[in-house]
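Subject: Structure handover: charged pairs and cysteines

Hello,

Here is the structure I promised to pass on. Please load it before you read the notes below.

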Amino acid sequence: MPYGQPESDYEIFDAFVRKHIEEFGRFAYYVVHDYDYAHDGVQNALEAIMKYYDRVRDFDEQRLYRYCLSVIRNECIRAATENRNVVSTDEIESYDSVPDNMLDNIIRDVNNETLKKCIAQLPEKYRLAILMKYYYNRPDREIAQAIDVSDSSVRMILTRARQKLKTFYVELTGEEVAV
């Protein structure tokens with residue numbers, strides 16, 4: 001590409017995919033527990049997103065990442081249910097053994113409006129810690145500076161904040177969730 005020429009949509013999306021493809025693959029596998037269906041789901045999702053890239057062209061990287069996870073999840077479920085009747089949407093919704101690093105990336109997409117209400121109920125320090133960690137992907141060091149605690153206290157604060165979020169969520173919805 002000549003100097004000063006803007007990158008094409010394909011080049012931008014290709015760089016984004018290369019950056020996140022391993023995470024997408026792991027996420028897809030945790031959705032359907034089958035490498036073939038996970039591969040098919042990721043491939044179909046990325047092809048669909050690229051085909052309609054003009055709809056997401058203006059997304060920032062975090063929003064595009066969350067959108068990709070959502071499309072990948074749906075495509076994996078579709079690939080699995082078309083090829084076998086073992087996986088159901090209910091099974092996937094109730095599956096709670098997703099590793100922490102995947103939860104960090106998808107927690108924002110789970111019941112967003114309810115989570116917003118629950119987060120609003122948190123004390124200021126907890127609310128800021130949760131938002132910085134899960135919405136803005138800030139490192140613990142920055143969170144510690146923002147809420148004026150030691151770096152080592154951030155994990156404890158996040159744990160307590162998640163516990164409070166769980167309590168608020170259960171009170172609001174009546175649904176039990178894993179923390």
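The notes below cover salt bridges first, then cysteines.

One caution before the details: this is a predicted model. Treat every distance and accessibility below as computed from that predicted model.

Salt bridges

A search of the whole structure turns up seven salt bridges. I describe some of them here, including the pair R78 and E75.

R78 and E75 join through their side chains, with an N to O distance of 2.5 Å. Both sit in helix α3, which spans residues 61-83. They are three residues apart there, so about one helical turn separates them. What about their surroundings? R78 is partly exposed, at 35% relative accessibility. E75 has 15% and counts as buried, because the cut-off for buried is under 20%.

Next, D140. Which residues does D140 bridge to? One is K133, at 3.5 Å from N to O. Another is R155, at 3.1 Å from N to O. The D140 and R155 pair links two helices: D140 lies in helix α8 (residues 140-147), and R155 lies in helix α9 (residues 153-173). The two residues are 15 apart in sequence, so their bridge ties together separate parts of the chain. Through shared partners, K133, D140 and R155 form one salt-bridge network.

How accessible are the members of this network? Here is the list:

- K133: 16% relative accessible area, buried.
- D140: 21% relative accessibility, partly exposed.
- R155: 40% relative accessibility, partly exposed.

Note where D140 and K133 fall. Buried means under 20%, so K133 at 16% is classed as buried, while D140 at 21% is classed as partly exposed.

Cysteines

How many disulfides does the structure hold? Zero. Two cysteines are worth a look all the same. C76 has 0% relative accessibility, so C76 counts as buried. C118 also has 0% relative accessibility and is likewise buried.

To recap

The search found seven salt bridges and zero disulfides. R78 and E75 pair up within helix α3. K133, D140 and R155 make up one network. C76 is buried, and C118 is buried too.

Best wishes

Technical notes
Residues are numbered from 1 along each chain as its sequence is written. This is a predicted model: local features need pLDDT of at least 70, side-chain atom pairs count only at pLDDT 80 or more; totals for chains, interfaces and linings use all residues. Side-chain values use heavy atoms; hydrogens and water are left out. A disulfide is a pair of cysteine sulfur atoms within 2.5 Å. Buried means under 20% relative accessible area, exposed over 50%, partly exposed in between (1.4 Å probe, protein chains only). A salt bridge is a side-chain nitrogen of Lys or Arg within 4 Å of a carboxyl oxygen of Asp or Glu. Helices (H or I, at least four residues) and strands (E, at least two) are DSSP runs, numbered from the N terminus.
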